[in-house]
Amino acid sequence: MICALSSAVCIGMASVLQAVGARAARLGTGSGVDVALMLRALRQWRYVAALALYGLSFTLQIVALLTIPIYAVEAAQAASLAVTAVLATRVLKVRLRGTEWAAVAVVCAGLAMLGLSVGAEGGSDGPAALRYAMLGVAFAVLLTGAAAGRLPGRARALVLGFGAGTGFGVVSVSVRLLDDLAPSALVANAAVYALLLGGGTAFLLLTSALQRGSVTTATAGMVVGETIGPAVVGVVWLGDRTREGLVMPAAVGFAVAVAGALALARFGEPPAIAAAAGPADAP
């Protein structure tokens, strides 16, 4: 659980940097799957720093996924918004209202309940078809993102954010499906391709959503996409369980943590983005 929470801290720090870097880049084609947009964003140092933090977060997430159930890891990832909110009070001089401090407390309480009731990682490798199902979901996210990038305003941000979250969810499940790390086994495992396609597409969609849409809406969509689906897959097909007799506290803790994170979704968006990106950041 410590690795999952450390991963959330990295994501919370990266989210503000990613939003600033993405918005400093020139607008793209309008498609959610715009590789050129990501290349332009890479010219912004804040975006590069965000990617480095995401890389560290992913490493910690892998360690967590190999030791505790997916639902616990994904709830911790969603709670990264609480980290962003607290950091925003220091770094971005944002003032939290009483209700927002309450939401931070709710997230912490939910994670505490989850941490006390979480059991060991499920021992099941899941059905063979699940690997191909994850690859199919990754392709579906890619196609949806290509079309969703042309939707208007709020709908665009919501769909792209949800697509990005679903892609990150595919990554989480796929990590658990890598049962043999020998090169020959990895090449033959559809989960490897699902992980690569899902993760790459998720970054493209999130970058596009952060650049032109409401970051609050995109972040809320991402939280929903990356938590609920993978949690269900972990429990139903991968054997994830809680400690004996603690199913209800785990379920309540998961729901409370995600609900608190959604209440803090606006902290995916830093204020005064234009001012934060100085002349040195110009593309």
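## Exercises: salt bridges, rings and a nonpolar patch

The side chains of Arg-131 and Asp-179 come together in a salt bridge, 3.5 Å from N to O. The model is a predicted one: local features need pLDDT of at least 70, side-chain atom pairs count only at pLDDT 80 or more, and totals for chains, interfaces and linings use all residues. Residues are numbered from 1 along each chain as its sequence is written, and side-chain values use heavy atoms, with hydrogens and water left out.

**Exercise 1.** Work out which parts of the chain the Asp-179 and Arg-131 pair ties together, and how covered each partner is.

*Solution.*
- Start with the term: a salt bridge needs a side-chain nitrogen of Lys or Arg within 4 Å of a carboxyl oxygen of Asp or Glu.
- Next, place the partners. Arg-131 sits in helix 7 (residues 128–148) and Asp-179 in the loop between helix 8 and helix 9 (183–188), so the pair ties together parts 48 residues apart in sequence. Helices here are DSSP runs (H or I, at least four residues), numbered from the N terminus.
- Then check cover. Buried means under 20% relative accessible area, exposed over 50%, and partly exposed in between (1.4 Å probe, protein chains only). Arg-131 has 10%, so Arg-131 is buried; Asp-179 has 48%, so Asp-179 is partly exposed.

**Exercise 2.** Look at the salt bridge of Glu-100 with Arg-97: which partner is buried, and which is exposed?

*Solution.*
- The closest N and O atoms of Glu-100 and Arg-97 are 2.6 Å apart.
- Glu-100 is buried because its relative accessible area is 5%.
- Arg-97, at 52%, counts as exposed.

**Exercise 3.** Trace the ring cluster that includes Phe-203.

*Solution.*
- Rings of Phe, Tyr and Trp (its six-membered ring) pair if their centres lie within 6.5 Å; planes under 30 degrees apart count as stacked, over 60 as edge-to-face, and the rest as tilted.
- There are 2 aromatic pairs in the structure. Tyr-54 and Phe-203 pair edge-to-face, at 5.3 Å centre to centre with 80° between the planes.
- That pair links helix 3 (residues 45–65) and helix 10 (residues 190–212), its members being 149 residues apart.
- Phe-168 and Phe-203 also pair edge-to-face, at 5.5 Å and 85°. Phe-168 belongs to helix 8 (residues 153–176), 35 residues from Phe-203.
- Put together, ring pairs link Tyr-54, Phe-168 and Phe-203 into a cluster. Tyr-54 and Phe-203 are buried, and Phe-168 is buried too.

Methods:
Helix = DSSP H or I, 4+ residues; strand = E, 2+ residues; numbered from the N terminus.
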